[in-house]
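Here are some questions and answers on a helix and on the packing around it. The structure comes first.

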Amino acid sequence: MPCALCHQEVELRRSHILPEFLYESLYDDKHRLQVLSISPDKSSWREQKGLRERLLCDACEQRFSIWERYASLVLKGGVELNYRSEGNIVHIAGLDYAKFKLFQLSVLWRAGVSTLPFFENVQLGKHAETLRLHLLAGAPGSSERYGCFMFGLKYQAQAFTGVIMEPGKVRLNGHAAYRFVFGGFLWAMLVSSHDLGAPLNQCTLSTTGQTVLLIRNATEMQNLISFSVELGRMGRSR
Ligand SMILES: [Zn+2]
């Protein structure tokens, strides 16, 4: 099997589909991962070792690890950023657009090319090849494409970091998107051949390194429609 990213016939690593750093705080004392499935025909809670498969060569793993290390620092407070809170909205400035966007794209693409049943709802079609070329070139592309809305999840006033949820397809203001839950966030990643446009493009990561987080209760996260209404209002208000 060739490497899914560079297509070289070299030995493949057992690659994590979701970034490895996320697992650090997620393993329980039995070193198993708590994975929440939302499929009605499966048991609601599953425990398994990290979601891995032979996918990438060592060189491509290294490429991804640079972006993952950066994202890990961002999510764990190890990067100097400017924060401004307005109620449930947090404005963030000072992000490295290329590194953080490539991190987001790498998660989306890996889930799309994975053959693990956990990621079966992520079907990227022609976008898989577009994303592969972006990742191979280390080129984050336009902020209008493959944008990601980030929702910080709280549960009973605590960050909701202990759960990974099976990704699913959703629609946000007429755009197809995939919803991931990991690292205490709901990530809605847009997959569309059209530019995002205003006002929603005010809520995804900009090339100047700004983004917004909407903090919501984890129990509300199935209702993404209301999230997108809120985002639209928020974009117009900036
Ligand atoms: Zn490779």
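Buried means under 20% relative accessible area, exposed over 50% and partly exposed in between, with a 1.4 Å probe and protein chains only. This is a predicted model, in which local features need pLDDT of at least 70, side-chain atom pairs count only at pLDDT 80 or more, and totals for chains, interfaces and linings use all residues. Residues are numbered from 1 along each chain as its sequence is written, and side-chain values use heavy atoms, leaving out hydrogens and water.

Q: On which residue is the kink in H1 centred?
A: Helices are DSSP runs of H or I with at least four residues, strands are runs of E with at least two, and both are numbered from the N terminus. H1 covers residues 58–75. The bend at a residue is the angle between axes fitted to the seven residues ending there and the seven starting there. In H1 the kink is about 25 degrees, and its centre is Ser65.

Q: Which helices are included in what covers the buried residues of H1?
A: The buried residues of H1 include Phe64, Trp67 and Ala71. Contact means heavy atoms within 4.5 Å. The cover includes strands S1, S4 and S5, and also helices H2 and H3.

Q: Which element gives the most residues to the largest nonpolar core?
A: A nonpolar core is a set of buried Ala, Val, Leu, Ile, Met, Phe, Trp, Tyr and Cys residues joined through side-chain atoms within 4.5 Å. The largest has 53 residues, and Phe103 is among those with the most contacts inside it. With nine residues, the top contributor to this core is H2.

Terms used. The expected span of a helix is 1.5 Å times one less than its number of residues.
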